[in-house]
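Student: Could you take me through one part of this model in some detail? I would like to follow how its pieces fit together.

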Amino acid sequence: MTDISPLAAMPIVRLIPKAEARAIRHGFPWVYANELVTDRRTRNLTPGTIARLEDANRVPMGTVTVNPASKIICRMLDQDPDAVIDQSWFAARLMRALAHRARLYDAPYYRLVHAEADGLPGVIIDRFGDLAVIQPNAAWADMLIGPLVAALQDVTGVTTVVMNGTGRARTLEGLEEKTEVLVGDAPDGPVPVPMNGATYMADVMGGQKTGLFFDQRPNHAFAARLSKGGRVLDMFSHVGGFGLAALAANAASVLAVDGSAPALALAEQGAAAMKVSDRFATRKGDAFDVLTALAEEGETFDVVVCDPPAFAPSKPTLEAGLRAYERIARLAAPLVADGGYLILCSCSHAADLTRFRNACARGIGRGGRRGQIIQTGFAGPDHPLLPHLAESGYLKALTFRL
């Protein structure tokens, strides 16, 4: 177990006079590189070093982790400047996170830790029964993975812990990509996950992110209510998120479309486990091409869902991303039967709700349709939003009746 010695041994980092110290005191969790005094000593700190943060007047503000290689040079860990970041500290954070999820869900399948919003900056933990997948997307979590995992086992009782160290966030932190089993044995296949009456197959060793997206759970459930007895098109279906939930709610049929053959294979395994394969079909291809082809084939559906990957993952990609969302809406709208529903989703934090909604409305209009918004959905309550950090509210799901 790795402990960080407190007090005198802890390096000190200091805000420049123009930095917004008040925002940090009120809960903003980050210090940007242009807000910190970056002398040679600070620049030479090992990424992930635990330090004490002071304001420009040398008043202590809390305990932070420092990464001189990142634009987010400091992340607030604890407002106590004398905090000791050890296994006990991790356990306290994890117990608080677990207490919330235990109130929400009957079975232990959920996002247990949602980074800054759960007080563990850059750390994602998804739970799949007795197995947990950790994404340590910040250098400090990589450095302290030992006490974090030990605390996770003590608090939750999980017997297998997988580290998924892949993705853009780790690259921005200067961390290498790697996936490995830290505790227990690697599962010998996909892990079945019960959710909204459906069964999903999560590839926790080789799938996207942690292997399954828990964030859409309430939006899957809402879409399923609209799908009873209807024909459903699930675009960008991944492992069958919206489609399998619709089948659990007695949709007449589902066509799942994705560019990934392994993801569609997992969706088919889920349908088989649910004994609904006779109502489930898949189609591999580029979403834009498939939408165009379905229109040429004269197909229509009672519910069409488009849940694409992030088209606007950062501000420089925003305008191109909004055009892509508009295009998806334009191509999807003609496939919706009169009085049917079009559900359009975005997981791009750079595209706020207003801009995303406007892009969707333009696309629907250009597709020759008119619609009313009947529901605006967000990530589930196991993905809490830190009010000071707009980036944590990334997921939007708009349901139009056309």
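Let us start with a pairing: which residue in β5 does Tyr 32 stand opposite?

Tutor: Happy to! Please keep in mind that this is a predicted model. Tyr 32 stands opposite Ile 72 in β5. The two strands involved, β2 and β5, run antiparallel and are joined by three bridges. They belong to an open sheet of five strands with mixed pairing, in the order β1-β3-β4-β5-β2. At its edges are β1 (12-14) and β2 (30-32), each of which pairs on one side only. From one strand to the next, the twist averages 40°.

Strand β5 also leads us to a pocket. Spanning residues 72-78, β5 gives the most to the lining of the second largest pocket, with three residues. That pocket holds about 240 Å³ of space. It is lined by 14 residues, and the closest to its centre are Gly 27, Pro 29, Met 76, Gln 79 and Glu 116. Sorted by class, the lining has seven nonpolar, four polar and three charged residues.

Next, have a look at Arg 93, which is found in helix α3 (residues 87-104). Leaving aside residues up to four places away in sequence, Arg 93 touches Leu 77, Asp 78, Asp 118, Gly 119 and Leu 120. With Gly 119 there is a specific link: the side chain of Arg 93 reaches its backbone oxygen at 3.1 Å. Arg 93 and Leu 152 are 59 residues apart in sequence, and their C-alpha atoms are 9.9 Å apart in space.

For a companion view, turn to the open sheet of seven strands, ordered β15-β14-β13-β16-β17-β19-β18, again with mixed pairing. Here β15 (280-284) and β18 (372-377) stand at the edges with a single partner strand each, so one side of each is left without a neighbour in the sheet. The twist in this sheet averages 15° from one strand to the next. Strands β16 (residues 301-306) and β17 (residues 336-346) run parallel and are joined by five bridges, and Val 304 stands opposite Leu 342 in β17. Two helices that pack on this sheet are worth finding on your screen. Helix α9 (residues 261-273) touches β14 (253-258) and β15, and its direction makes about 175° with that of β15. Helix α11 (residues 318-332) touches β16 and β17, with its direction at about 160° to that of β17.

Definitions and conventions. Residues are numbered from 1 along each chain as its sequence is written. This is a predicted model: local features need pLDDT of at least 70, side-chain atom pairs count only at pLDDT 80 or more; totals for chains, interfaces and linings use all residues. Side-chain values use heavy atoms; hydrogens and water are left out. Two strands pair if DSSP finds at least two bridges between them. Helices (H or I, at least four residues) and strands (E, at least two) are DSSP runs, numbered from the N terminus. Axes are lines fitted to C-alpha atoms, for helices over the stretch in contact, and angles run from 0 to 180 degrees between N-to-C directions. Contact means heavy atoms within 4.5 Å. On a 1 Å grid over the protein atoms alone, a cavity is a set of points where a 1.4 Å probe fits but cannot get out, and a pocket is an open set with protein on both sides within 12 Å along at least five of seven lines; lining residues have an atom within 4 Å of a point. Grid points are joined across faces, edges and corners, and a volume is the space filled by probe spheres set on the points. Ala, Val, Leu, Ile, Met, Phe, Trp, Tyr, Cys and Pro count as nonpolar, Asp, Glu, Lys and Arg as charged, and the others, Gly among them, as polar. A polar contact is a pair of N or O atoms within 3.5 Å; within protein, one must be able to donate a hydrogen and the other to accept it, and residues adjacent in sequence count only if both atoms are side-chain atoms.
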